[in-house]
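This report describes how the parts of one chain are arranged, beginning with its domains and moving on to helix packing and the surroundings of the ligand.

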Amino acid sequence: MIDFTFTENQLAVRDMAREVASKVVIPTIQEFDRKHTLNPELLPAMAKANLLGFCIPEEYGGMGMDYISLGLACEEMEYADTAARVVLSVHLGLFCMSVLTWANEEQKQKYLVPAAKGEKISTFGLTEPAAGSDVRGMETTAIKKGDKYILNGEKMWISLANVADQFLIFGYHDLEMKKTRDPHGISCFIVERGMKGVTTGSIEGKLGVRAGNTGWISMQDVEVPEENLVYKEGAGFKIAMFCLDQGRYTVASGSCGLIKACLDASLKYSHERKTFGVEIGEHQLVKQMLANMVKGYEYSRYLWMKAGVLKNEGKRNTRETALSKWVACDEAEQAAHSAVQIHGAYGYSDEYPVERFFRNSKGAAIYEGTREVQTLMQADYALGYRKDKKLERELPIVGQE
Ligand SMILES: Cc1cc2nc3c(=O)[nH]c(=O)nc-3n(C[C@H](O)[C@H](O)[C@H](O)COP(=O)(O)OP(=O)(O)OC[C@H]3O[C@@H](n4cnc5c(N)ncnc54)[C@H](O)[C@@H]3O)c2cc1C
């Protein structure tokens with residue numbers, strides 16, 4: 001039996017996120033979306049409101065809140081704009097929660113504490129120009145030389161690449177294993193912006209998430225101290241899959257915020273706009289689109305909360321998290337599509353926010369595992385192939401193997 005009653009603390013986190021979203025994101029979003037830039041006030045405002053580390057235990061600079069709070073905060077941020085939720089996804093979900101689970105005490109003190117306090121912005125670099133879904137196809141290498149690893153490679157499509165101070169980076173430490181694409185040859189490192197040979201840049205001309213930063217990270221003979229190897233050599237692939245369990249959860253819950261934003265905008269417009277002498281909400285075909293948004297919102301929410309409860313209990317949740325991500329992203333795309341349709345020609349311009357919702361909704365069907373990857377995962381779970389083919393990658397929340 002799952003209890004979906006929110007605690008006072010969970011609601012307090014939701015309200016904190018709602019306040020930042022309504023005061024900092026919503027009033028400026030059209031301007032920054034048009035300019036294709038991150039609002040420079042967003043990260044400081046999120047840090048000030050403790051939004052950059054609230055799921056991290058107090059001993060590491062956070063507030064010790066749970067996964068349901070994280071989901072509620074993601075809903076609120078993405079209700080305002082997807083780019084604002086992406087900050088929670090990469091900084092808190094992919095970096096902080098993963099460092100908390102996999103890093104040693106020294107690494108936590110050095111990298112997690114400032115991240116949780118919002119003093120250092122963090123992100124996650126897995127994707128490369130020629131390797132997205134096919135993680136094992138990565139080209140980045142991390143070759144041990146004395147007490148250092150020498151990193152060479154390019155990471156592409158990395159959220160906050162051009163603003164983050166520290167990066168979780170994955171690369172092959174073993175060239176023979178790289179040739180055979182053996183995932184045990186992949187290791188994970190914490191790389192700092194200031195390290196010699198690290199350069200970053202922004203990707204221009206994106207379809208959506210325009211008020212966010214997405215970019216590339218180039219590493220040329222970067223000397224990373226062995227102390228920055230996370231957990232142990234060869235654990236990189238498992239860590240990356242664990243990271244995606246956290247990130248997908250934030251995308252699923254964030255997508256519910258996007259569905260709600262589409263629904264609210266469409267309800268308002270359906271009352272305002274009249275055709276053939278009645279509000280357009282009176283037309284059955286418009287009602288159908290609105291009803292589908294309600295349906296998508298309610299069951300997508302149930303799925304991310306179910307995954308959140310499992311996470312809170314430390315139970316395996318890869319299948320449930322991936323399912324919630326797949327369903328919520330599909331529903332958000334459909335809701336945004338319908339929201340533009342309901343707004344008619346006005347939905348085709350950024351005078352109304354639904355045009356931005358439409359562009360933003362596409363990204364979630366691509367990042368953190370494409371729709372096709374999610375579909376295959378669910379089929380493989382149902383068929384029993386993930387176990388049979390040793391594709392079982394589920395990991396406990398706490399504990400490392
Ligand atoms: C806005 C944005 C932000 C991002 N942020 C980050 C980030 O912070 N960090 C990070 O590491 N990455 C990030 N990414 C990258 C993202 O995770 C990848 O784009 C994603 O994993 C897909 O990889 P790809 O683009 O290389 O597509 P590909 O893997 O090349 O896929 C191309 C197409 O082929 C399909 N396909 C591939 N393999 C199969 C298969 N086996 N069966 C069926 N169909 C298949 C895919 O579903 C897709 O439709 C971001 C991407 C975007 C757009």
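In this predicted model, the centres of domain 1 and domain 3, taken over C-alpha atoms, are separated by 21 Å. The domain assignment places domain 1 at residues 8–121, domain 2 at 123–234 and domain 3 at 238–388. Between domain 1 and domain 3, the contact involves 23 residues of domain 1 and 25 residues of domain 3. On the side of domain 1 that touches domain 3, at least two residues each are supplied by helix 2 (29–35), helix 4 (67–80) and helix 5 (82–102). By class, the residues on that side of domain 1 are 10 nonpolar, seven polar and six charged.

Helix 4 also packs against helix 1 (residues 8–25), with axes that come within 8 Å and cross at roughly 20°. Helix 1 and helix 4 are therefore roughly parallel to each other, and the crossing is right-handed. Helix 1 contributes Gln-10, Val-13, Arg-14, Ala-17, Arg-18, Ala-21, Ser-22 and Val-25 to the contact, while helix 4 contributes Ile-68, Ser-69, Leu-72, Ala-73, Glu-76, Met-77, Tyr-79 and Ala-80. The residues of this contact comprise 10 nonpolar, three polar and three charged.

A further helix pair is formed by helix 10 (residues 318–342) and helix 11 (residues 354–363), whose axes come within 8 Å and cross at roughly 155°. Because an angle over 145 degrees counts as roughly antiparallel, helix 10 is described as roughly antiparallel to helix 11. The crossing of helix 10 and helix 11 is left-handed. From helix 10 the contact takes in Ala-332, Glu-333, Ala-336, His-337, Ala-339 and Val-340, and from helix 11 it takes in Val-354, Glu-355, Phe-357, Phe-358, Ser-361 and Lys-362.

The residue classes of three groups, including the shell around the ligand, are set out below.

| Group | Nonpolar | Polar | Charged |
|---|---|---|---|
| Contact of helix 1 with helix 4 | 10 residues | three residues | three residues |
| Contact of helix 10 with helix 11 | seven residues | two residues | three residues |
| Shell around the ligand | 10 residues | nine residues | three residues |

Which residues come nearest to the ligand? Of the 22 residues around the ligand, these are Thr-127, Gly-132, Ser-133, Thr-370 and Glu-372. Strand 1 (122–125), strand 3 (148–159) and helix 12 (371–383) are the elements that give two or more residues to the shell. At the level of domains, the shell around the ligand draws at least three residues from each of domain 2 and domain 3.

Note on methods:
Residues numbered from 1 in each chain as written. Predicted model: local features only at pLDDT ≥ 70, side-chain atom pairs only at ≥ 80, totals over all residues. Axes fitted to C-alpha atoms, helices over the stretch in contact; angles between N-to-C directions. Helix = DSSP H or I, 4+ residues; strand = E, 2+ residues; numbered from the N terminus. Parallel < 35°, antiparallel > 145°, perpendicular 65-115°, else oblique. Left-handed = near helix turned anticlockwise from the far one by under 90°. Contact = placed C-beta atoms within 7 Å. Nonpolar A, V, L, I, M, F, W, Y, C, P; charged D, E, K, R; others polar. Near = placed C-beta within 6 Å. Domains from an automatic or database assignment.
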